[in-house]
Amino acid sequence: MAFIAAFIWCYILWLGLTAGSSGLLWSSEELIAGLVFSAVIAYTTKGVIGEKAGRFLNPIKWFEFIVYSIGPLFWGMVKANFHVAWLVITGKIRPGIVRVPVDLENDAQYTILSNSITLTPGTLTIDACPEEKALYVHWIDIPEGLEKPESSEPVAGSFEKWARRLGR
């Protein structure tokens with residue numbers, strides 16, 4: 001099951017990344033190369049996905065991920081881009097590393113939240129510490145009084161809520 005889930009995800013990603021290289025369709029070489037690369041990646045990562053591989057094939061999870069990607073994640077990235085541009089123009093930054101407490105249950109949730117934070121300009125997840133229930137994040141502009149946030153909301157907005165939902 002893990003191999004199949006990884007293979008399908010890889011092949012769909014391959015098709016998405018190579019779409020339009022030969023008009024609106026793919027050449028036979030691209031389709032074959034995609035099959036080969038997807039099979040190799042699926043074989044080498046099947047142990048990473050583990051026994052919960054079936055959730056990657058759940059269409060409801062796909063829909064939720066798409067909603068998250070074009071909704072909260074995209075909007076967070078847009079806001080952060082404008083904020084970082086403003087910081088560059090004004091030169092007023094307060095960079096630093098903050099410990100961000102989180103309430104997550106598994107590695108998938110930590111990965112989703114960490115990647116979402118890192119994709120947002122001005123932040124970079126440095127370390128995930130499930131035993132501490134925390135992430136360490138480099139933040140380009142720490143607001144006054146938020147050197148030790150009590151939740152992930154100031155750093156990540158609604159990302160933690162979505163990570164819990166998507167990583168179940």
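This section describes the fold, the strand pairing, several individual residues and one pocket of a predicted model.

The protein comprises six helices and three strands. In sequence order these elements follow the pattern α-α-α-β-α-β-β-α-α. Along the principal axes, the C-alpha atoms fill a box of roughly 55 × 40 × 25 Å. The chain has 168 residues, and 32% of them count as buried. The exposed area of the protein is about 10400 Å², of which carbon and sulfur atoms supply 69%. Among contacts with a separation of 6 or more, 70% involve residues 24 or more positions apart.

The strands are connected through S3. Strand S2, residues 123-129, pairs with strand S3, residues 134-139, in the antiparallel sense, and six bridges are found for this pair. Within this pairing, aspartate 127 stands opposite tyrosine 136 of S3. S2 and S3 form a hairpin in which four residues lie between the two strands. Strand S1, residues 96-101, also pairs with S3; the sense is antiparallel and the pairing extends over six bridges. Proline 101 has alanine 134 in S3 as its bridge partner. S3 is thus the strand that pairs with S2 and with S1.

The turn of the hairpin contains a residue with a positive backbone angle. Lysine 133 is placed in the loop between S2 and S3. Its phi is positive, about 55 degrees, although lysine 133 is not a glycine. Most residues other than glycine have a negative phi. Lysine 133 is classed as partly exposed because its relative accessible area, 34%, falls between the limits of 20% and 50%.

Helix H3 contains two further residues for which positions were examined. Lysine 79 is found in this helix. The relative accessible area of lysine 79 is 47%, so this residue is partly exposed, under the 50% limit above which a residue counts as exposed. Between lysine 79 and phenylalanine 63, which are 16 residues apart in sequence, the C-alpha to C-alpha separation is 24 Å. Alanine 85 is likewise found in H3. With a relative accessible area of 36%, alanine 85 is partly exposed. Proline 121 is 36 residues from alanine 85 along the chain, and the C-alpha atoms of these two residues are separated by 9.6 Å.

Asparagine 58 is located in the loop between helix H2, residues 28-49, and H3. Asparagine 58 has a relative accessibility of 28% and therefore counts as partly exposed, since this value is not under the 20% limit for burial. Asparagine 58 and alanine 5 are 53 residues apart along the chain, with their C-alpha atoms separated by 9.8 Å.

The second largest pocket has a volume of about 420 Å³. Its lining consists of 21 residues, and those that lie nearest its centre are Gly76, Lys79, Ala80, Thr120 and Val155. Two elements give two or more residues to this lining, namely helix H3 (59-90) and helix H5 (153-156). H3 supplies the largest share, with seven residues. Classified by type, the lining of the second largest pocket is made up of twelve nonpolar, seven polar and two charged residues. Lysine 79, described above as a partly exposed residue of H3, is one of the lining residues that lie nearest the centre of this pocket.

Conventions:
Residues are numbered from 1 along each chain as its sequence is written. This is a predicted model: local features need pLDDT of at least 70, side-chain atom pairs count only at pLDDT 80 or more; totals for chains, interfaces and linings use all residues. Side-chain values use heavy atoms; hydrogens and water are left out. On a 1 Å grid over the protein atoms alone, a cavity is a set of points where a 1.4 Å probe fits but cannot get out, and a pocket is an open set with protein on both sides within 12 Å along at least five of seven lines; lining residues have an atom within 4 Å of a point. Grid points are joined across faces, edges and corners, and a volume is the space filled by probe spheres set on the points. Ala, Val, Leu, Ile, Met, Phe, Trp, Tyr, Cys and Pro count as nonpolar, Asp, Glu, Lys and Arg as charged, and the others, Gly among them, as polar. Buried means under 20% relative accessible area, exposed over 50%, partly exposed in between (1.4 Å probe, protein chains only). Contact means heavy atoms within 4.5 Å. Accessible areas come from the Shrake-Rupley method with a 1.4 Å probe; for residues, only the protein chains shown count as cover. Two strands pair if DSSP finds at least two bridges between them.
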